[in-house]
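This report describes the fold, surface and selected residues of a single protein model. The sequence and the coordinates are displayed first.

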Amino acid sequence: MFKITGLDKFTREMDQLAKFAKEVDGELASVSFDPSDPGSIELAISEMEAAIHQKAISYEYNDMAVNLVAQIKANLREQILMKAAAARLEGDAQ
């Protein structure tokens with residue numbers, strides 16, 4: 001016979017992950033930037049990352065939540081960069 005251990009930790013981490021997912025569902029932060037100013041874009045990205053970090057701080061020992069935070073940050077960074085690029089293209093077309 002064998003004994004499975006660690007499920008309580010896994011269950012606790014999954015519960016925390018579900019709670020974190022609810023906390024970050026919806027608007028995390030409102031940032032604005034000048035699409036033609038790289039410094040402004042980077043500041044908006046930093047503000048977004050800080051808002052996410054603030055929400056995630058109590059989950060810093062949950063590896064699954066930490067991985068989710070990294071994915072969220074990368075996704076939102078890409079969204080900001082894409083919006084800036086689209087705004088620059090729209091400005092050039094006018």
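The sections below cover the model and its confidence, the overall architecture, the surface and charges, and two residues.

## Model and confidence

The structure is a predicted model. Its mean pLDDT is 90, and 98% of the residues reach 70 or more. Among the elements, the highest mean pLDDT, 95, belongs to helix 2, which spans residues 38-56. The lowest, 88, belongs to helix 1, formed by residues 7-24. Where pLDDT is low, predicted coordinates should not be read in detail.

## Overall architecture

The protein contains 3 helices and 0 strands. Read from the N terminus, the order of its elements is α-α-α.

The radius of gyration of the protein is 18 Å, whereas a compact globule of 94 residues would have a value near 12 Å. Along the principal axes, the C-alpha atoms occupy a box of roughly 75 × 25 × 20 Å. Of the contacts with a sequence separation of 6 or more, 71% are accounted for by residues 24 or more positions apart.

## Surface and charges

The exposed area of the protein is about 7,000 Å², of which carbon and sulfur atoms supply 55%. Buried residues constitute 20% of the 94 residues.

The protein carries 10 positive and 16 negative side chains. The centres of these two sets are separated by 9 Å.

## Glu13 in helix 1

Glu13 is located in helix 1. Its relative accessibility is 12%, and the residue therefore counts as buried, the cut-off for this class being under 20%.

Which residues does Glu13 contact, leaving aside its neighbours within four places in sequence? Its contacts on this basis are Tyr61, Asn62 and Met64.

## Ile45 in helix 2

Ile45 belongs to helix 2, the element with the highest mean pLDDT. The residue counts as buried because its relative accessibility is 1%.

When neighbours within four places in sequence are left aside, Ile45 is in contact with Arg77, Ile80 and Leu81. How far apart in space are Ile45 and Met1, C-alpha to C-alpha? The distance is 53 Å, for a sequence separation of 44 residues.

## Summary

In this predicted model, the elements run α-α-α, and the radius of gyration is 18 Å against a value near 12 Å for a compact globule of 94 residues. Glu13 in helix 1 and Ile45 in helix 2 provide two examples of buried positions, with relative accessibilities of 12% and 1%, respectively.

How values were computed
Residues numbered from 1 in each chain as written. Predicted model: local features only at pLDDT ≥ 70, side-chain atom pairs only at ≥ 80, totals over all residues. Heavy atoms only, no water. Helix = DSSP H or I, 4+ residues; strand = E, 2+ residues; numbered from the N terminus. Rg over C-alpha atoms; globule rule 2.2 N^0.38 Å. Buried < 20%, exposed > 50% of the residue type's maximum accessible area, 1.4 Å probe, protein only. Contact = heavy atoms within 4.5 Å. Areas by Shrake-Rupley, 256 points an atom, 1.4 Å probe, with all protein chains shown as cover. Lys, Arg positive; Asp, Glu negative; His and termini not counted. Charge placed at Lys NZ, Arg CZ, Asp CG, Glu CD. pLDDT = per-residue confidence, 0-100.
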